[in-house]
Amino acid sequence: MSQIGHLSGRTWERLLKECGVDAFNGPQGKILYVLWEHEKLTITDIARLTSLAKTTLTSMLDRMEGAGLVQRIPDKKNRRQIFVEVTEKAREYREKYDQLSDDMNGIFYKGFTDAEIANFDSQLRKVLKNFEDEGV
């Protein structure tokens with residue numbers, strides 16, 4: 001699993017570079033993806049959806065905010081609560097990101113039948129649920 005994660009990360013970085021996307025790296029892309037899907041989220045929600053530690057996430061969000069990709073917005077009802085949302089600049093990358101994601105899926109599942117893909121995805125969801133049930 002570790003080796004697959006390492007190699008897929010390197011492949012993703014290569015695809016980003018080949019596509020001319022240099023505004024964000026792979027882990028930052030995970031953050032953008034969940035924000036594209038949910039519009040605005042708290043840092044706690046982003047951490048849960050990306051499996052990134054809050055401490056790591058905070059520094060990444062600082063860099064992404066500096067690059068004009070995200071903005072932090074205080075909750076009007078709870079001043080201690082901060083939401084994060086993508087900027088228009090980040091929205092412009094969505095189409096390329098989705099295409100690259102499709103390309104990665106093509107690499108990942110090359111040689112798999114549709115039934116094998118469905119079975120494998122089901123098994124991975126079970127593993128993920130096992131870890132979530134552990135409260136990790």
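In this predicted model, Ile 73 sits opposite Phe 83 of strand β3. That pairing is part of a bigger ladder: β2 and β3 (residues 82–86) run antiparallel and are joined by five bridges.

Zooming out a little, these two strands belong to an open sheet of three, ordered β1-β3-β2 and paired in antiparallel fashion. The edge places go to β1 (40–42) and β2 (70–74); each has a single partner strand, so one side of each is left without a neighbour in the sheet. From one strand to the next, the twist averages 35°.

Helices lie across the sheet as well. Helix α3, made up of residues 43–50, lies across β1 and β3 and runs at about 95° to β1. Helix α4 (residues 54–66) lies across β2 and β3, this time running at about 110° to β2.

As for the whole protein, its secondary structure adds up to seven helices and three strands. Read from the N terminus, the elements go α-α-β-α-α-β-β-α-α-α. The C-alpha atoms fill a box of roughly 50 × 40 × 25 Å along the principal axes. Among contacts with a separation of 6 or more, 50% come from residues 24 or more positions apart.

Then there is the surface. Of the protein's 136 residues, 29% count as buried. About 9,500 Å² is exposed, with carbon and sulfur atoms supplying 51% of it. Charged side chains come to 21 positive and 22 negative, and the centres of the two sets lie 6 Å apart.

Definitions and conventions:
Residues are numbered from 1 along each chain as its sequence is written. This is a predicted model: local features need pLDDT of at least 70, side-chain atom pairs count only at pLDDT 80 or more; totals for chains, interfaces and linings use all residues. Side-chain values use heavy atoms; hydrogens and water are left out. Two strands pair if DSSP finds at least two bridges between them. Helices (H or I, at least four residues) and strands (E, at least two) are DSSP runs, numbered from the N terminus. Axes are lines fitted to C-alpha atoms, for helices over the stretch in contact, and angles run from 0 to 180 degrees between N-to-C directions. Contact means heavy atoms within 4.5 Å. Buried means under 20% relative accessible area, exposed over 50%, partly exposed in between (1.4 Å probe, protein chains only). Accessible areas come from the Shrake-Rupley method with a 1.4 Å probe; for residues, only the protein chains shown count as cover. Lys and Arg count as positive and Asp and Glu as negative; His and the chain ends are not counted. The place of a charge is taken as NZ of Lys, CZ of Arg, CG of Asp or CD of Glu.
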